[in-house]
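Take a look at the model below. This report walks through its main pocket, its ligand and two backbone details.

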Amino acid sequence: MKLLEERILKDGVLKDGGILKVDSFLNHQMDIGLLQEIGKEFRRLFPENITRILTIEASGIGIATIAAQYFDNIPVVFAKKSMSKNLDGDLLTSKVISYTKGLEFDIFVEKKFLSPDDNILIIDDFLANGQALNGLIDLVNGSGANLIGCGIVIEKGFQDGGQIIRDKGVHLESLAIVEDPKDGKLCFRKQ
Ligand code: 5GP
């Protein structure tokens with residue numbers, strides 16, 4: 001997605017350890033106009049009859065809620081990263097290792113929010129090693145719902161998450177795929 005690639009080139013900051021900081025438009029401050037274009041693009045890439053969007057807190061929520069407006073305002077469900085007294089129904093759970101924090105944690109969704117009748121689109125901000133996406137796919141599989149596909153805003157093509165998810169036969173669409181940064185310069189995979 002050209003608009004997104006241009007924005008990453010303009011405002012993205014490459015940090016040590018292959019971390020791309022996009023906090024001025026995606027991860028901390030959010031550019032709503034850009035998120036609307038991202039939502040439209042996800043709709044174009046996933047024209048199927050989708051009934052719910054699944055994402056994970058925190059960064060996925062804003063992206064998914066704006067995208068949902070282009071999918072007839074379907075509900076957005078977000079996986080929670082910590083147990084709380086508010087989670088009191090039957091739960092679906094999976095384990096994820098955080099890329100940015102290096103810690104393993106459980107993720108949770110109440111079963112009543114993912115039903116076997118659902119057609120699910122998973123949306124998240126980044127794809128690195130595929131841990132978060134694998135955990136979300138696990139939740140969908142555990143619910144018996146039908147996974148239509150996964151929409152990612154930025155895939156880091158130099159980490160193996162994209163390959164792992166595509167090898168599972170999952171329909172994965174990433175709006176920008178960042179290649180291994182040479183001499184600290186960002187470039188994108190042609191799609
Ligand atoms: P994965 O689970 O695929 O290894 O990593 C994906 C998750 O880690 C995303 O949900 C995102 O929050 C975080 N993440 C991974 N790489 C980056 C990065 O380069 N920049 C930022 N801002 N977040 C990242």
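How do the residues of the shell around the ligand divide into nonpolar, polar and charged? There are 7 nonpolar, 6 polar and 3 charged residues in that shell. Keep in mind that this is a predicted model.

**The shell around the ligand**

In total, 16 residues surround the ligand. The closest are Leu 20, Ala 128, Gly 130, Ala 132 and Lys 156. Some oxygen atoms of the ligand pair up with polar atoms of the protein. The table lists these pairs.

| Residue | Protein atom | Distance to a ligand oxygen atom |
|---|---|---|
| Asp 124 | polar side-chain atom | 3.1 Å |
| Asn 129 | polar backbone atom | 2.8 Å |
| Ala 132 | backbone N or O atom | 2.8 Å |

On its own, the ligand has 500 Å² of accessible area, and the protein covers 87% of it. Which elements give two or more residues to the shell? They are β2, β7 and α4. The largest share comes from β7, with 4 residues.

**The pocket**

Where does the ligand sit? The ligand is in the largest pocket. That pocket has a volume of about 830 Å³. Its lining is made up of 32 residues. Closest to the pocket centre are Lys 81, Ser 98, Tyr 99, Thr 100 and Asp 125.

Several elements give two or more residues to this lining. The strands are β2 (19–21), β5 (91–97), β7 (119–127) and β8 (146–156). The helices are α3 (59–68) and α4 (131–143). Once again β7 stands out: the largest share of the pocket lining, 4 residues, comes from this strand.

What is the chemical make-up of the lining? The count is 16 nonpolar, 8 polar and 8 charged residues. Compare that with the ligand shell, where the counts are 7 nonpolar, 6 polar and 3 charged.

**Two backbone details**

Now follow the chain itself. Which peptide bond is cis? The bond from Glu 57 to Ala 58 is cis, with omega near 0°. Ala 58 belongs to the loop between β3 (52–56) and α3. Helix α3 also gives two or more residues to the pocket lining.

The other detail is at Asp 72. This residue is not a glycine, yet it has a positive phi of about 60°. Asp 72 is found in the loop between α3 and β4 (76–79).

**Putting it together**

Return to the structure and find β7. This strand gives 4 residues to the pocket lining and 4 residues to the ligand shell. Then find Ala 132, with a backbone N or O atom 2.8 Å from a ligand oxygen atom.

How values were computed:
Residues numbered from 1 in each chain as written. Predicted model: local features only at pLDDT ≥ 70, side-chain atom pairs only at ≥ 80, totals over all residues. Heavy atoms only, no water. 1 Å grid on protein atoms, 1.4 Å probe; cavity = no way out; pocket = protein on both sides within 12 Å on 5 of 7 lines; lining within 4 Å. Points joined across faces, edges and corners; volume = space filled by probe spheres on them. Nonpolar A, V, L, I, M, F, W, Y, C, P; charged D, E, K, R; others polar. Near = heavy atom within 4 Å. Polar contact = N/O pair within 3.5 Å; in protein donor to acceptor, adjacent residues only side chain to side chain. Areas by Shrake-Rupley, 256 points an atom, 1.4 Å probe, with all protein chains shown as cover. Sits in = over half its atoms within 2 Å of the grid points.
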